[in-house]
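Work through the exercises below with the sequence and the model open side by side. Each task is followed by a worked solution.

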Amino acid sequence: MTIEPDRVVLVLSGGGMKAMAQVGVLRAMDEAGLAPAEVIGTSAGALVGAMVASGLSYEEIVPRVFSVGRHELAVLARWSVLARGLAAPSVLRPEPVRSLLRRLLPAHGFESLRLPLRIVAVDAEAGVPVVFGAGGRTDCTVVEAVMASMALPLYLPPVVIAGRRFVDGGLLEVLPLDVAAQVTADLVVAVDVGPVAVAPPVGTPLGPALLAAHDRAMAIVMASQRARAVADWRSAGRRAPLVLVEPDVDPHATFAFDRTAEFIEAGYRAGYAALAGRAGGGDRRGAAGGPGPAGPGAVRHAGTL
């Protein structure tokens with residue numbers, strides 16, 4: 001007999017478009033009868049987490065994420081870079097990203113959220129992680145907090161909130177288990193789609209040399225601190241059981257806007273397997289003990305609801 005946990009905390013890593021796999025995990029959790037009581041997110045995981053905390057269901061989130069395109073999330077700041085060169089504040093324009101967040105998130109105030117939400121960013125001056133939302137700062141909108149959590153240096157400029165500059169939470173908490181350790185939970189489901197330390201295969205298009213070098217450095221640092229966070233959780237006493245979901249996605253597909261269906265499917269299958277393992281492999285909705293259809297056709301169908 002499996003005793004179902006009363007308080008499930010969902011932890012979502014950064015990972016750019018790979019975070020769409022976290023949406024697939026939501027479907028697996030629904031089928032397992034696990035509803036998050038609180039959500040903690042970093043960077044793109046903060047965006048997915050904010051949609052969940054706003055009260056959106058899997059069926060409501062899918063069409064939203066399918067609408068995300070390069071023209072909103074990765075618009076080059078061409079004139080700024082051409083005119084100012086290395087003095088330009090960022091490679092991408094922040095305004096389209098902010099507009100996208102306003103469109104995707106139905107709740108703009110923390111008081112309007114259906115679930116407690118903790119968004120992790122980094123104070124650029126103090127060099128420490130900062131939590132916005134439950135148990136933390138609420139002196140900004142949810143949109144601004146998510147924007148701060150996604151503001152990866154070089155790509156996006158810091159977000160100024162109450163006179164302080166904030167940058168991507170993944171610099172210190174790419175998988176924010178340290179924040180989850182401060183939250184009461186019976187079960188923690190953590191979905192990791194963050195960077196890996198291994199370099200892309202030879203021949204992989206890497207883009208401009210400066211960006212490629214930056215991405216490699218960030219990947220090495222973030223992968224190291226993610227491994228440390230998982231090891232610390234597992235070695236610490238008196239912590240809730242951890243279900244670590246690691247979807248099988250291309251680790252170098254941060255800006256793969258055309259692979260949303262693939263990422264959602266990978267998240268669903270990984271979530272199903274991880275949660276089935278926790279429950280002893282019991283049968284749920286999929287035939288023969290496996291997950292139900294979650295291929296591109298199934299995902300697209302969900303997106304029309």
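**Exercise 1.** Which residues does Ser 149 touch, not counting residues up to four places away in sequence?

Solution. The model used here is predicted.
Step 1: Find Ser 149, which lies in helix 7.
Step 2: Leave out residues up to four places away in sequence; Ser 149 then touches Gly 41, Thr 42, Ser 43, Ala 46, Ile 119, Val 120, Ala 121, Val 167, Asp 168 and Gly 169.
Step 3: Turn to accessibility. Buried means under 20% relative accessible area. Ser 149 has a relative accessible area of 0%, so Ser 149 is buried.
Step 4: For the background, take the protein as a whole. Of its 305 residues, 54% count as buried. Among contacts with a separation of 6 or more, 74% are between residues 24 or more positions apart.

**Exercise 2.** Describe how helix 1 packs against helix 3, and how far helix 1 is covered.

Solution.
Step 1: Take the geometry. Helix 1 spans residues 20–32 and helix 3 spans residues 58–66; their axes are 10 Å apart, at an angle of about 165°.
Step 2: Classify the angle. Angles over 145 degrees count as roughly antiparallel, and helix 1 is therefore roughly antiparallel to helix 3.
Step 3: Assign the handedness: the crossing of helix 1 and helix 3 is left-handed.
Step 4: List the contact. Helix 1 contributes Met 20, Val 23, Gly 24, Leu 26, Arg 27 and Asp 30, while helix 3 contributes Tyr 58, Ile 61, Val 62 and Val 65.
Step 5: Sort the contact of helix 1 with helix 3 by class: 7 residues are nonpolar, 1 is polar and 2 are charged.
Step 6: Check the cover. In helix 1, 12 of 13 residues are buried; among them are Met 20, Val 23, Gly 24, Leu 26 and Arg 27.
Step 7: Look just past the end of helix 1, where Gly 33 takes a positive phi of about 75°.

**Exercise 3.** At what angle do helix 6 and helix 7 pack, and which residues meet?

Solution.
Step 1: Helix 6 (residues 94–104) packs on helix 7 at an angle of about 135°, and the axes are 10 Å apart.
Step 2: This angle makes helix 6 oblique to helix 7.
Step 3: The crossing of helix 6 and helix 7 is right-handed.
Step 4: From helix 6, Pro 94, Val 97, Arg 98, Leu 101 and Arg 102 meet Val 143, Glu 144, Val 146, Met 147 and Met 150 of helix 7.
Step 5: By class, the contact of helix 6 with helix 7 holds 7 nonpolar and 3 charged residues, with no polar ones.

**Exercise 4.** How many aromatic pairs does the structure hold? Describe two of them.

Solution.
Step 1: The structure holds 3 aromatic pairs.
Step 2: In one of them, the ring centres of Tyr 155 and Phe 255 are 5.5 Å apart and the planes stand at 40°, so this pair is tilted.
Step 3: Place these residues. Tyr 155 is in the loop between helix 7 and strand 5, and Phe 255 is in the loop between strand 8 and helix 11, 100 residues apart.
Step 4: Compare accessibility. Tyr 155 counts as buried at 9% relative accessibility, whereas Phe 255, at 33%, is partly exposed.
Step 5: Take the pair of Tyr 268 and Tyr 272. Their ring centres are 6.3 Å apart and their planes are at 65°, so the pair is edge-to-face.
Step 6: Tyr 268 and Tyr 272 lie 4 residues apart in helix 11, which means a separation of about one helical turn. Both Tyr 268 and Tyr 272 are buried.

Methods:
Residues numbered from 1 in each chain as written. Predicted model: local features only at pLDDT ≥ 70, side-chain atom pairs only at ≥ 80, totals over all residues. Heavy atoms only, no water. Axes fitted to C-alpha atoms, helices over the stretch in contact; angles between N-to-C directions. Helix = DSSP H or I, 4+ residues; strand = E, 2+ residues; numbered from the N terminus. Parallel < 35°, antiparallel > 145°, perpendicular 65-115°, else oblique. Left-handed = near helix turned anticlockwise from the far one by under 90°. Contact = heavy atoms within 4.5 Å. Nonpolar A, V, L, I, M, F, W, Y, C, P; charged D, E, K, R; others polar. Phe/Tyr/Trp six-rings, centres within 6.5 Å; stacked < 30°, edge-to-face > 60°. Buried < 20%, exposed > 50% of the residue type's maximum accessible area, 1.4 Å probe, protein only.
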